[in-house]
Amino acid sequence: MRAYPVTQFGLDHLQPIELPTPQTSPGTVLIKVHAVSLNYRDLMVVKGLYNPRMALPRIPCSDGAGEVVAVGEGVSRVRVGDRVCGVFMQRWLDGAPTAEKTKAALGGDADGMLTEYALLHEDGVVRFPEHLSYEEAATLPCAGVTAWNALRHAGDPANPTQPGETVVIQGTGGVSIFALQFGRLLGARVIGTSSSEEKLKRARSLGLDEGCNYKERPDWSKWVTETTSGKGADRIIEVGGANTFGQSLRAARVGGTIAQIGVLSGASTSDPVALTPILHKMLRVQGIYVGSRAMFEQMNDAIAKASLHPVVDKVFNFDQAAQAFAHMESASHFGKIVIRVTP
């Protein structure tokens with residue numbers, strides 16, 4: 001089989017090589033990978049910025065969809081012919097996260113999906129909705145589950161986003177567009193920011209209620225306050241990191257929730273007043289690191305009932321993997337970037 005193991009960090013070193021096709025063992029399933037989607041984490045892994053001490057070689061990419069072509073002894077959850085995705089965290093099946101459950105994340109702790117065949121434990125795969133293509137399904141494991149967790153759970157499954165609440169998304173990448181789609185599905189009012197009027201226009205076609213170009217208005221937290229009649233947003237899908245976190249705190253309502261997900265603008269801040277709005281507004285700041293298999297299956301049920309389709313920005317061929325990562329690095333995408341592994 002062909003695969004893209006990272007042997008040296010850097011996009012220039014990302015090349016396909018021939019590797020032995022894995023063989024099943026008890027409890028495992030062999031998946032013929034049809035499509036892979038990219039996340040910012042994957043780009044950081046390939047460039048050596050996610051974990052510079054990562055043991056190499058490592059096959060990157062957490063997100064993939066394919067067909068079960070062989071099963072090991074004792075496998076009962078899936079069968080040959082099933083269309084499945086891998087679960088981002090292979091050991092987080094249900095319940096609250098623990099240190100042990102958050103190990104074995106695909107494309108980081110374990111080999112990922114940028115390969116023609118992937119061998120996973122049967123517990124680490126889920127069937128995806130029948131109406132989705134492989135390319136669409138490949139977008140679900142990280143970005144989809146992350147957005148679903150942020151809106152439906154965020155540390156408290158008894159306190160999901162409610163109809164009529166205001167949700168803020170940042171930008172138009174994979175997680176943010178999923179949050180827009182899921183927010184609308186849950187009956188929320190979704191508003192968002194972008195540096196592109198064209199992207200805001202596209203987001204409005206998907207149901208975005210209000211948009212703010214943060215290049216024209218850098219103080220977008222004030223725009224959120226104005227747009228919510230002085231109240232502030234109920235839930236903010238925070239993907240920016242250090243350079244947006246302070247504004248997210250200021251944009252949230254008293255008692256609101258910040259779902260802290262990404263570090264696109266950096267992972268650390270020296271803002272000395274960052275704690276003040278958390279205290280005075282009594283905010284919930286909840287870190288979101290993807291989610292469990294149970295969340296994945298709950299999300300899939302909602303997607304199937306609504307016949308929802310993920311937004312795919314562009315599909316690259318398997319031989320164009322490096323170009324796909326370069327497209328991710330350019331930050332020009334809207335929704336998800338996909339690599340078609342098998343036609």
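Select helices H3 and H4 to begin; in this predicted model, they pack at an angle of about 50 degrees, with their axes 8 Å apart. An angle of that size falls outside the ranges for roughly parallel (under 35 degrees), roughly perpendicular (65 to 115) and roughly antiparallel (over 145), and H3 and H4 are therefore oblique to each other. If you turn the view so that one helix lies in front of the other, the crossing of H3 past H4 is right-handed.

Now show the side chains at this contact. From H3, select Leu-140, Ala-143, Gly-144, Thr-146, Ala-147, Trp-148 and Leu-151, which meet Gly-174, Val-175, Phe-178, Ala-179, Phe-182 and Gly-183 of H4. Coloured by class, the residues of this contact come out as nine nonpolar and four polar, with no charged residue.

Keep Phe-182 selected and display what surrounds it. Leaving out residues up to four places away in sequence, Phe-182 touches Gly-144, Ala-147, Trp-148 and Leu-151, and also Met-299, Ile-303 and Leu-308.

Next, widen the selection to the nonpolar core. The largest one has 51 residues, and Phe-182 is among those with the most contacts inside it, together with Phe-128, Leu-140, Ile-237, Phe-296 and Met-299. The elements that give two or more residues to this core are helix H2 (134-137), helix H3 (140-152), strand S8 (166-170), helix H4 (174-185), helix H5 (197-205) and helix H9 (293-306). Of these, H3 gives the most, with eight residues. Elsewhere, a second, separate core of 34 residues can be found by selecting Leu-11, Leu-43, Met-113 and Phe-316, which are included in it. As background, nonpolar side chains in soluble globular proteins tend to be buried together.

Move on to helix H6 (residues 220-227) and helix H7 (residues 242-251), which pack at an angle of about 20 degrees, with their axes 8 Å apart. H6 and H7 are therefore roughly parallel to each other, and their crossing is right-handed. At this contact, Trp-220, Ser-221, Val-224 and Thr-225 in H6 meet Thr-244, Gln-247, Ser-248, Arg-250 and Ala-251 in H7. Here the residues divide into three nonpolar, five polar and one charged.

From there, select Ala-233, which is placed in strand S11 (residues 233-238). Is Ala-233 buried or exposed? Its relative accessible area is 0%, which is under the 20% cut-off, so Ala-233 counts as buried. Apart from its neighbours within four places in sequence, Ala-233 is in contact with Thr-166, Val-168, Val-224, Thr-228, Ala-251, Ala-252 and Arg-253. Draw a distance from Ala-233 to Thr-166 as well: their C-alpha atoms are separated by 5.2 Å, although the two residues are 67 residues apart along the chain.

The last stops concern the backbone. Centre on Pro-57, in the loop between helix H1 (40-47) and strand S4 (63-71), where the peptide bond from Leu-56 to Pro-57 is cis, with omega near 5 degrees. Then go to Met-282, in the loop between helix H8 (275-281) and strand S13 (284-287); Met-282 has a positive phi of about 55 degrees although it is not a glycine. Met-282 is exposed, with a relative accessible area of 59%. Finish at Ala-331, in the loop between helix H10 (321-330) and strand S15 (336-340), where phi is near 60 degrees, again a positive value in a residue other than glycine.

Notes. Residues are numbered from 1 along each chain as its sequence is written. This is a predicted model: local features need pLDDT of at least 70, side-chain atom pairs count only at pLDDT 80 or more; totals for chains, interfaces and linings use all residues. Side-chain values use heavy atoms; hydrogens and water are left out. A nonpolar core is a set of buried Ala, Val, Leu, Ile, Met, Phe, Trp, Tyr and Cys residues joined through side-chain atoms within 4.5 Å. Buried means under 20% relative accessible area, exposed over 50%, partly exposed in between (1.4 Å probe, protein chains only). Helices (H or I, at least four residues) and strands (E, at least two) are DSSP runs, numbered from the N terminus. Contact means heavy atoms within 4.5 Å. Axes are lines fitted to C-alpha atoms, for helices over the stretch in contact, and angles run from 0 to 180 degrees between N-to-C directions. A crossing is left-handed if the near helix is turned anticlockwise from the far one by less than a right angle, and right-handed if clockwise. Ala, Val, Leu, Ile, Met, Phe, Trp, Tyr, Cys and Pro count as nonpolar, Asp, Glu, Lys and Arg as charged, and the others, Gly among them, as polar.
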